[in-house]
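This briefing covers contacts between protein and DNA, followed by a short note on cysteines.

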Number of protein chains: 2
Amino acid sequence: MNAASSPEEAVRIASVNVNGIRAAYKRGMQQWLDGRGVDILCLQEVRAPDAVVRSLLGENWHIHHAEAEAKGRAGVLIASRQEPVAVRTGIGDSYFDTAGRWVEMDLEIRGSALTVVSAYVHSGEVGTQKQDDKYRFLDALGERLAALRDGAGHAVVLGDLNVGHTQRDIRNWKGNVKKAGFLPEERAYFDRFLSDGSGFVDVARSLAGDVDGPYTWWSWRGQAFDNDTGWRIDYQLATQDLAARAVSADVDRAPSWDTRFSDHAPLVVDYRI
Amino acid sequence: MNAASSPEEAVRIASVNVNGIRAAYKRGMQQWLDGRGVDILCLQEVRAPDAVVRSLLGENWHIHHAEAEAKGRAGVLIASRQEPVAVRTGIGDSYFDTAGRWVEMDLEIRGSALTVVSAYVHSGEVGTQKQDDKYRFLDALGERLAALRDGAGHAVVLGDLNVGHTQRDIRNWKGNVKKAGFLPEERAYFDRFLSDGSGFVDVARSLAGDVDGPYTWWSWRGQAFDNDTGWRIDYQLATQDLAARAVSADVDRAPSWDTRFSDHAPLVVDYRI
DNA sequence: CATGGTAAG
DNA sequence: CTTATCATG
């Protein structure tokens, strides 16, 4: 784990799929947060009513939270130490307006405009409506990326995007080419999202280089965590100028199975703004 | 807790609402059973598939188990160390044939015929269908008691009958006169079941005498267990001759909250047959 | 293998 | 406050 506060002139942004914030807090998420000096905390799969979320996170945040219509499902939020300029809910396709999968926050950081998006893409399941919904959501995500790229300020779209982009992003890629999360059609979306000219950079991959992982999700089942049989499906996709200002990207993999507070690990990036 | 095996020439019959046999085993039911020398074990609210039940109880029982049609609900069984002469499922009213609330086992104990019934009466809820079902089940129970009384051998109808008979059977009877489990109409059934001429005796009451309790159920909530705010709703109703042969009736109240394996305590009776 | 909601107790 | 099931991940 890194220093307890972000470096001078840097903003620390963390993305975590908490898989139920109540369970995560029971398992020690607060201790992680206390030691991490996060400026902007972005969560996915919050799975709790707003009042519960606010009482868990405490008073010292400006929270923008979008619950799903279905109780106990999905839910995304952005919690900022600094007051936001604006907040929005919804990816632009009204079909997803009550899905609890997309929130945006505009901030002004030392004179620079920054838009942060916390996103939770569908898990999907081949041959079901869920997979259709996932593609439709990814379509909308592509459109929103283009609009953000064409905007004035910095932007970072982060969260659980539920797709492994390349063979380096999944431990057992050969066994998963027909599974939701590593389908060729899903991966092609990410080829487009991250192509030259897309205006966006996969910050963790850019800083880690051409290596396997680092993974951000491991099944609870079996020995997946202990064997590091994981998937890199949590991302921070930053506009080019912002990505160039990223000085570190860390996956806070827990030291052991029983110290995990979620099946996902936090992805923490420091941006020098 | 009593001696580890039943006295010579006595048969030890235990009744327990386990509130889910899997949870009960996790909480240490096996240790209770190991130390108790039970000859005939009668369970209610088993709430598990037959294969799971048999693997938990092990090989050394003759088990007659009636699951409910609805998975994870109700379920009663009788497990005997000795091979039964016959087994039956169902109280006689076919409406309850798949309810998982009534099983019978005929045994021959040193030349005497003994019928054991494990019963799980509905909890009921005032003003709902559940209360109607409870009364209908109690009607059938009354008819079956009469038939057993008129039969040749000994009989004991035991289990979670979900009614407190008298003011001595509920800690807070005044607060519960309008609650299912202590309604005048429900209590009147027990007046009839246990009247002179009914042929049946409430063994635990008969041996305990005119005292408060001993209770057999305490809500999981609050301090009900620690304060002994309980209900006596688990019974062994024995035919007169058999009841006269009961030498002890013990409620195995756990020493502390966290050593309970169910919200009900076992009711263990030794019959000198 | 975990999450939360649910019906039931 | 606990049980098991359920849909979801």
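DNA strand D is surrounded by 19 residues, the closest being Asn19(B), Arg22(B), Ala23(B), Arg27(B) and Arg47(B); a residue is near a strand if one of its heavy atoms lies within 4 Å of it. Of the strand D atoms that come within 4 Å of the protein, 79% belong to sugar and phosphate. The model is predicted: local features need pLDDT of at least 70, side-chain atom pairs count only at pLDDT 80 or more, and totals for chains, interfaces and linings use all residues. Side-chain values use heavy atoms, with hydrogens and water left out.

**DNA strand D**
- An N or O atom in the side chain of Arg47(B) is 2.9 Å from a base oxygen of strand D, a polar contact (a pair of N or O atoms within 3.5 Å).
- The side chain of Arg27(B) places an N or O atom 3.2 Å from a phosphate oxygen of strand D.
- Glu45(A) has a polar side-chain atom 3.3 Å from a sugar or linking oxygen of strand D.

**DNA strand C**
- Strand C has 18 residues around it, and the closest are Ala23(A), Arg27(A), Arg47(A), Arg221(A) and Arg221(B).
- Sugar and phosphate make up 75% of the strand C atoms that come within 4 Å of the protein.
- A base oxygen of strand C is 2.7 Å from an N or O atom in the side chain of Arg47(A).
- A polar backbone atom of Ala23(A) is 3.2 Å from a phosphate oxygen of strand C.

**Cysteines**
- The count of disulfides (cysteine sulfur pairs within 2.5 Å) over all chains is 0.
- Cys42(A) is buried (under 20% relative accessible area, 1.4 Å probe, protein chains only), at 0%.

Technical notes:
Residues numbered from 1 in each chain as written. Chains lettered and ligands numbered in written order. Polar contact = N/O pair within 3.5 Å; in protein donor to acceptor, adjacent residues only side chain to side chain. Buried < 20%, exposed > 50% of the residue type's maximum accessible area, 1.4 Å probe, protein only.
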